[in-house]
Amino acid sequence: VRFFSIATPPQPNALVVECLFGLVEELKVVQDPEYHWRDYIRSNRSSNEERLRVFHTSAMQARRQLGKKVLQLGANAVLGYREYVDLE
(Lines give C-alpha, C1' and ligand atoms only; values in the text may rest on other atoms or scores of the structure.)
Protein backbone atom coordinates (compact mmCIF):
# COMPACT_ATOMS: atom_id res chain seq x y z
CA VAL A 1 0.00 0.00 0.00
CA ARG A 2 1.35 3.41 -0.96
CA PHE A 3 0.59 6.48 1.15
CA PHE A 4 0.29 9.93 -0.44
CA SER A 5 -0.13 13.09 1.61
CA ILE A 6 -2.08 14.94 -1.05
CA ALA A 7 -5.62 16.24 -0.69
CA THR A 8 -6.69 15.71 -4.30
CA PRO A 9 -6.11 12.87 -6.76
CA PRO A 10 -2.81 13.07 -8.62
CA GLN A 11 -2.53 14.57 -12.08
CA PRO A 12 -3.45 12.14 -14.87
CA ASN A 13 0.12 11.97 -16.12
CA ALA A 14 1.54 11.08 -12.68
CA LEU A 15 -0.63 8.13 -11.64
CA VAL A 16 -3.74 6.47 -12.95
CA VAL A 17 -6.70 6.46 -10.54
CA GLU A 18 -9.16 3.79 -11.57
CA CYS A 19 -11.49 3.89 -8.59
CA LEU A 20 -11.86 5.81 -5.33
CA PHE A 21 -13.21 3.52 -2.61
CA GLY A 22 -13.95 6.06 0.11
CA LEU A 23 -12.55 7.01 3.49
CA VAL A 24 -10.57 4.94 5.94
CA GLU A 25 -9.43 5.96 9.40
CA GLU A 26 -7.51 4.61 12.34
CA LEU A 27 -7.47 6.00 15.87
CA LYS A 28 -4.68 5.03 18.24
CA VAL A 29 -4.69 6.04 21.91
CA VAL A 30 -1.54 5.50 23.95
CA GLN A 31 -0.43 6.43 27.44
CA ASP A 32 2.06 9.30 27.47
CA PRO A 33 5.24 8.09 29.21
CA GLU A 34 5.82 11.62 30.52
CA TYR A 35 3.16 11.00 33.16
CA HIS A 36 4.81 8.20 35.08
CA TRP A 37 6.44 8.02 38.49
CA ARG A 38 9.76 7.05 36.88
CA ASP A 39 9.96 10.54 35.40
CA TYR A 40 11.13 11.80 38.75
CA ILE A 41 14.24 9.63 38.56
CA ARG A 42 14.79 9.73 34.79
CA SER A 43 16.80 12.42 33.07
CA ASN A 44 15.01 14.84 30.75
CA ARG A 45 16.80 13.45 27.70
CA SER A 46 15.91 9.87 28.57
CA SER A 47 12.30 10.86 29.22
CA ASN A 48 12.07 12.69 25.87
CA GLU A 49 13.63 9.77 24.00
CA GLU A 50 11.12 7.38 25.56
CA ARG A 51 8.26 9.69 24.64
CA LEU A 52 9.41 9.96 21.02
CA ARG A 53 9.84 6.18 20.82
CA VAL A 54 6.28 5.59 22.06
CA PHE A 55 4.80 8.15 19.64
CA HIS A 56 6.80 6.81 16.69
CA THR A 57 5.84 3.20 17.42
CA SER A 58 2.19 4.16 17.82
CA ALA A 59 2.15 6.11 14.55
CA MET A 60 3.72 3.20 12.65
CA GLN A 61 1.21 0.74 14.16
CA ALA A 62 -1.68 3.00 13.16
CA ARG A 63 -0.32 3.31 9.64
CA ARG A 64 0.02 -0.47 9.37
CA GLN A 65 -3.57 -0.97 10.55
CA LEU A 66 -4.75 1.61 8.05
CA GLY A 67 -2.87 -0.20 5.30
CA LYS A 68 -4.60 -3.46 6.25
CA LYS A 69 -8.01 -1.77 5.98
CA VAL A 70 -7.09 -0.43 2.56
CA LEU A 71 -6.08 -3.89 1.36
CA GLN A 72 -9.37 -5.34 2.66
CA LEU A 73 -11.21 -2.83 0.49
CA GLY A 74 -9.22 -4.02 -2.51
CA ALA A 75 -7.29 -0.78 -2.90
CA ASN A 76 -3.55 -0.20 -3.23
CA ALA A 77 -3.03 3.42 -2.12
CA VAL A 78 -4.11 6.06 0.38
CA LEU A 79 -4.58 9.60 -0.91
CA GLY A 80 -4.53 12.49 1.54
CA TYR A 81 -2.73 10.66 4.36
CA ARG A 82 -2.35 12.75 7.53
CA GLU A 83 -1.29 12.08 11.11
CA TYR A 84 -2.43 14.12 14.06
CA VAL A 85 -1.05 13.90 17.59
CA ASP A 86 -3.04 15.39 20.43
CA LEU A 87 -1.08 15.80 23.65
CA GLU A 88 -3.16 16.34 26.73
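In what order do the elements of the protein run from the N terminus on?

**Figure 1. Overall view of the predicted model and its secondary structure.** Read from the N terminus, the elements follow the order β-α-β, and the secondary structure amounts to 1 helix and 2 strands. The helix, α1, covers residues 44-73, while strand β1 covers residues 2-4 and strand β2 is formed by residues 77-79. Of the contacts in the protein with a separation of 6 or more, 68% are accounted for by residues 24 or more positions apart. Among the 88 residues of the protein, 18% count as buried, and the protein exposes about 7,600 Å², of which carbon and sulfur atoms supply 52%.

**Figure 2. Confidence of the prediction along the protein.** The mean pLDDT of the protein is 80, with 77% of its residues reaching 70 or more. Confidence is lowest in strand β1, where the mean is 84, and highest in helix α1, where the mean is 87.

**Figure 3. Close-up of the aromatic pair formed by F3 and Y81.** The count of aromatic pairs comes to 1, and this pair, made by F3 and Y81, is edge-to-face, with 4.9 Å from centre to centre and 70 degrees between the planes. Because F3 lies in strand β1 and Y81 in the segment after β2, the pair ties together parts that are 78 residues apart in sequence. The angle of 70 degrees is to be read against the cut-off for the edge-to-face class, which is over 60 degrees. Y81 has a relative accessibility of 14% and therefore counts as buried, since the cut-off for that class is under 20%.

**Figure 4. Close-up of R63 over the rings of F3 and Y81.** R63 lies over the face of F3, at 4.3 Å from the ring centre, and R63 also lies over the face of Y81, at 5.1 Å from the ring centre. The two rings that R63 covers in this way are the partners of the edge-to-face pair shown in the preceding view.

**Figure 5. Close-up of S58 and the residues that it touches.** S58 has its place in helix α1. With a relative accessible area of 8%, S58 is buried, because this value falls within the class defined as under 20%. When residues up to four places away in sequence are not counted, S58 touches K28 and V30.

Technical notes:
Residues are numbered from 1 along each chain as its sequence is written. This is a predicted model: local features need pLDDT of at least 70, side-chain atom pairs count only at pLDDT 80 or more; totals for chains, interfaces and linings use all residues. Side-chain values use heavy atoms; hydrogens and water are left out. Helices (H or I, at least four residues) and strands (E, at least two) are DSSP runs, numbered from the N terminus. Buried means under 20% relative accessible area, exposed over 50%, partly exposed in between (1.4 Å probe, protein chains only). Contact means heavy atoms within 4.5 Å. pLDDT is the predictor's confidence in each residue, from 0 to 100. Accessible areas come from the Shrake-Rupley method with a 1.4 Å probe; for residues, only the protein chains shown count as cover. Rings of Phe, Tyr and Trp (its six-membered ring) pair if their centres lie within 6.5 Å; planes under 30 degrees apart count as stacked, over 60 as edge-to-face and the rest as tilted. A charge sits over a ring if NZ of Lys or CZ of Arg is within 6 Å of the ring centre and within 35 degrees of the ring normal.
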